[in-house]
Amino acid sequence: MKKIILALLLLSVSLFAELKNEYISKDLLNSNTPIVDIRTPPEWRETGLLKGAIPIMFFTQRGDYDIDKFLKELNEKVDTKKPFALICHTGNRTSILAPWLAKEMGYDVINLKGGMDYATKELKLPTYPYNK
């Protein structure tokens, strides 16, 4: 019986989760939707962060990851009961992580296609220094 209830709970969570794949826009920036930057600290130092972005590394420079550490930090810094966006350099890393967060964790996630490349080169959005 417990397994059935657990299965139903997991199914209900996944039914309400939503994954959107879209390019960053000024409307998104003005909506106050949190943007989680999953790049590495050297990338943050090199190109800076979008205004208000929350830096939480997912993949290391070698491609390793620690899901538990990432989720702990994400849940400390972001209200995951509300939609939030993920950004990386070009959108490749977020295209892996965003669907997983939506499906397995039940989060409403916006995968920002094109990443920081699109945000800074196409939209010419300003960046702000990462000082850690």
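In the predicted model, Arg39 touches a set of residues distant in sequence, namely Trp44, Thr47, Gly48, Leu49, Met57, Ile87, Cys88, His89, Arg93 and Met116, when residues up to four places away are not counted. Arg39 itself is placed in the loop between strand 2 (35-37) and helix 3 (41-47). Because its relative accessibility is 0%, below the 20% limit, Arg39 counts as buried. Two polar approaches involve its side chain. The side chain of Arg39 makes a polar contact with the side chain of Thr47 at 2.5 Å, and a polar atom of the Arg39 side chain lies 3.5 Å from the backbone oxygen of Glu43.

Glu43, the residue that supplies this backbone oxygen, is found in helix 3. With a relative accessible area of 18%, Glu43 falls under the 20% limit and is therefore buried. Its side chain reaches the backbone nitrogen of Thr40 at 2.8 Å. Leaving aside neighbours within four places in sequence, Glu43 is in contact with Gly48, His89 and Arg93. Gly48, His89 and Arg93 also appear among the residues touched by Arg39.

The strands form an open sheet of 5 members in the order 1-6-5-2-4, with parallel pairing. Its edges are strand 1 (19-23) and strand 4 (54-55), each of which pairs on one side only. Strand 2 and strand 4 run parallel and are joined by 2 bridges. Asp37 stands opposite Pro55 of strand 4. Helix 6 lies across strand 1, strand 2, strand 5 and strand 6 (109-113), and runs at about 60 degrees to strand 6.

The largest nonpolar core comprises 18 residues, of which Val36, Ile38, Phe70, Leu74, Phe84, Leu86 and Leu101 touch the most other members. Two or more residues of this core are given by each of helix 4 (67-77), strand 5 (84-87) and helix 5 (92-105). Another core, of 15 residues, lies apart from it and includes Leu50, Ala53, Ala85 and Ala119. For Val36, the contacts beyond four places in sequence are with Ile54, Ile56, Leu74, Val78, Phe84, Ala85, Leu86 and Ile87. Val36 is thus in contact with Leu74, Phe84 and Leu86, which are listed with Val36 among the residues that touch the most other members of the largest core. Val36 is also in contact with Ala85, a residue of the other core.

Positive phi values were found at two loop residues. Asn32, although not a glycine, has a positive phi of about 65 degrees. Asn32 is placed in the loop between helix 2 (26-30) and strand 2. At 66% relative accessibility, over the 50% limit, Asn32 counts as exposed. Lys124, likewise a residue other than glycine, has a positive phi near 55 degrees. The loop that holds Lys124 runs between helix 6 (115-122) and strand 7 (127-128). Lys124 has a relative accessible area of 63% and is therefore exposed, as this value is over 50%.

Conventions. Residues numbered from 1 in each chain as written. Predicted model: local features only at pLDDT ≥ 70, side-chain atom pairs only at ≥ 80, totals over all residues. Heavy atoms only, no water. Helix = DSSP H or I, 4+ residues; strand = E, 2+ residues; numbered from the N terminus. Buried < 20%, exposed > 50% of the residue type's maximum accessible area, 1.4 Å probe, protein only. Polar contact = N/O pair within 3.5 Å; in protein donor to acceptor, adjacent residues only side chain to side chain. Contact = heavy atoms within 4.5 Å. Core = buried A, V, L, I, M, F, W, Y, C linked by side-chain atoms within 4.5 Å. Pairing = 2+ DSSP bridges. Axes fitted to C-alpha atoms, helices over the stretch in contact; angles between N-to-C directions.
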